[in-house]
Every structure is written in C-alpha cells, then in structure tokens.
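Biologist: Before planning any work at the bench, I should like to go through this model with you. May I put some questions about its cysteines, its ligand and its pocket?

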Amino acid sequence: MAQQYRARKRFGQNFLVDHQIISQIISCFANSTNPIIEIGPGRGALTAELLKIGVPLIALELDRDLIPILQREYQQHDNFDLRQADALTFDFTCVKHLAPIRLVGNLPYNVATPLIFRLLEDISWISDMHFMLQWEVVARLSARRGDSHYGQLSLVVQNLCETTTLLEVPPTAFTPSPKVNSGVIHLKPRAQPLVSVEQRAVFNALVKSAFAQRRKTLRNNLKGILDEKQISDSGVEPGLRAEAISMDGFIRLTQTLVDARGSAPD
Ligand code: SAM
C-alpha cells in the first residue's frame with residue numbers, strides 16, 4: 001500500500017490499515033470472474049489485493065494528488081484501469097458493456113448515500129456491491145421492521161436489493177480514525193424489484209410520507225393520501241407507526257393507492 005500521502009479531510013479520507021478487515025472484504029471476491037469497479041482507491045489498501053484477483057479493475061479516484069501515487073505503485077498490473085473521476089458524476093454508461101460488474105469501496109460518508117441512490121437508478125449492469133460505510137448508514141440500509149433504524153432508506157433500497165450486513169468495523173481500523181464505527185454492507189440487486197417499475201414512484205412517496213413524523217401513526221402521516229378504511233382494507237393497522245409496518249404492508253398500501261387513483265373521477 002502507498003504510504004507517502006497525508007489524508008485529506010475534504011475527500012473523506014480514512015485509510016484502511018487493518019489487514020484482517022481488508023482480507024475479510026477481499027474474501028468476498030474469491031474466485032470472482034466479473035470485472036470490478038473500486039470507488040475511491042485512496043492509497044490502495046483494497047486495490048492492491050483486488051488487482052491480484054486478475055480481473056479488470058476500474059478504479060475511480062477523485063483526489064488528483066493520489067493518481068500519480070497509485071499509478072506508480074500499481075501500473076505494472078495489466079488489469080488496472082485508473083481514472084481520476086468523481087463517482088457522483090462519472091458516466092457509468094462507458095463501462096456497462098463489461099456487465100455484470102461488481103462494485104466495491106470504502107466510501108466517505110457524504111458520498112455514500114447519494115452514490116447508492118444514483119446507482120439504483122439503473123442497477124441492470126451491477127452484479128453486486130460491497131461498501132464500507134458509516135455504521136449508522138449500514139444499519140439503516142439493512143434494517144427490518146421494528147428496528148430503530150428502519151425507515152425510508154431501508155425500504156427504498158430493499159425494494160431493489162437484498163441487503164446483508166457483513167462486518168462492523170471499529171475506528172481503529174483506519175488512519176486517521178473516524179469518530180464513529182463503520183460497517184461493510186452487501187447489496188445484491190434483486191432479479192425483480194419487489195414493487196413494479198410502474199408503482200415505484202408511488203411506493204417511494206408513500207414511504208416518505210409514512211415516516212414523515214416517526215412518532216405519529218400511519219393514520220396521521222397518511223392523512224390526505226389514504227383514509228383509515230383504505231389502510232385497514234390493505235391489511236394494515238392504521239393506529240401503528242410506520243416503523244411497525246413490513247415491506248409487504250407498504251406494498252399492499254401502494255397497491256391500494258394505485259387502485260384508488262385509477263378509479264378516481266377526473
Ligand atoms: N479505499 C481506500 C482505503 O480503504 O483505505 C480509501 C478510502 S477513503 C475512506 C475514501 C476515498 O474515496 C479517498 O481516496 C477519497 O479521495 C475518495 N473519494 C472521495 N470522494 C470521492 C468521489 N466523489 N469519487 C471518487 N472518489 C472519491
């Protein structure tokens with residue numbers, strides 16, 4: 001790993017230095033034959049090991065000062081394709097012909113959620129994603145009904161991907177150490193989303209309204225969207241809070257709303 005570089009806060013640079021954690025992440029790629037895109041290679045903690053797998057590795061790094069360091073260290077690998085680019089605006093259409101592609105990255109906290117949302121706009125070319133994120137975000141992405149972290153992010157992402165928490169990682173695994181724990185999550189796009197493409201916008205908006213005020217009941221948060229009878233006719237108890245409603249419950253509420261709009265007079 002390239003050591004001669006001081007971390008920059010504005011790029012969210014917390015470099016992984018715990019070899020056991022690095023090995024655990026890399027083990028998810030054992031015998032993999034799909035090309036890999038690494039977001040934010042940094043000083044190459046994961047890059048060095050990913051290159052050994054031997055499949056094409058495209059690495060997107062925003063910090064231009066890291067580019068010559070990474071080039072010097074890893075340019076002897078024929079499978080290394082390093083690009084100085086912002087993953088939030090990078091045009092992924094230029095790599096889609098390599099699909100299915102695996103994504104991996106230890107992501108800065110301000111990049112993680114917008115990047116995941118951007119990738120979810122078209123996941124057809126993605127085989128799977130392994131991301132190191134702030135623990136709080138990992139918990140929200142993988143939360144199920146009843147978890148304190150369950151909310152809009154959990155439902156919108158789980159509609160499209162199976163989510164599995166793989167590791168919880170302490171601040172000591174990085175230099176400099178972040179203030180909070182991190183975690184590694186696996187996001188595997190579903191063959192079919194749970195909600196049809198036509199109903200997705202309705203589902204996303206309904207979930208947003210349902211969690212608008214976490215302590216309020218569904219009856220209150222969905223006022224003006226679905227009435228009490230429509231909620232209970234969907235098999236959902238209107239007096240519950242959104243955090244108590246399963247994915248299936250939200251899918252049934254979405255269907256009720258779509259049906260109601262379809263039959264409403266113009
Ligand atoms: N992968 C390295 C590791 O694990 O040690 C570095 C991880 S560090 C948390 C995040 C890396 O992402 C940094 O190298 C940073 O410069 C880069 N980065 C930050 N924002 C980015 C963006 N929008 N697009 C691409 N890379 C970005």
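The exchange below takes up these topics in turn.

Biologist: How many disulfides does a search of the whole structure find?

Modeller: This is a predicted model. A disulfide requires two cysteine sulfur atoms within 2.5 Å. The sulfur of cysteine 28 has its closest cysteine sulfur in cysteine 161, 16 Å away, and therefore too far for a bond. The number of disulfides found is 0.

Biologist: Is cysteine 161 buried or exposed?

Modeller: A residue counts as buried under 20% relative accessible area. The relative accessibility of cysteine 161 is 0%. Cysteine 28, at 26%, is partly exposed, whereas cysteine 161 is buried.

Biologist: Which side chain has an N or O atom 2.5 Å from an oxygen atom of the ligand?

Modeller: The ligand is surrounded by 22 residues, with Glu61 and Asp86 among the closest. Aspartate 86 places a side-chain N or O atom 2.7 Å from a ligand nitrogen. Asparagine 106 has a polar side-chain atom 2.9 Å from a ligand oxygen. The contact at 2.5 Å belongs to glutamate 61.

Biologist: How many nonpolar residues are in the lining of the largest pocket?

Modeller: This pocket holds about 980 Å³ of space, and its lining comprises 44 residues, with Phe11 and Pro108 among those nearest the centre. Elements that each supply at least two lining residues include strand 3 (57-61) and helix 4 (109-120). Besides 11 polar and 9 charged residues, the lining has a nonpolar group, which numbers 24.

How values were computed. Residues are numbered from 1 along each chain as its sequence is written. This is a predicted model: local features need pLDDT of at least 70, side-chain atom pairs count only at pLDDT 80 or more; totals for chains, interfaces and linings use all residues. Side-chain values use heavy atoms; hydrogens and water are left out. On a 1 Å grid over the protein atoms alone, a cavity is a set of points where a 1.4 Å probe fits but cannot get out, and a pocket is an open set with protein on both sides within 12 Å along at least five of seven lines; lining residues have an atom within 4 Å of a point. Grid points are joined across faces, edges and corners, and a volume is the space filled by probe spheres set on the points. Helices (H or I, at least four residues) and strands (E, at least two) are DSSP runs, numbered from the N terminus. Ala, Val, Leu, Ile, Met, Phe, Trp, Tyr, Cys and Pro count as nonpolar, Asp, Glu, Lys and Arg as charged, and the others, Gly among them, as polar. Buried means under 20% relative accessible area, exposed over 50%, partly exposed in between (1.4 Å probe, protein chains only). A residue is near a molecule or strand if one of its heavy atoms lies within 4 Å of it. A polar contact is a pair of N or O atoms within 3.5 Å; within protein, one must be able to donate a hydrogen and the other to accept it, and residues adjacent in sequence count only if both atoms are side-chain atoms.
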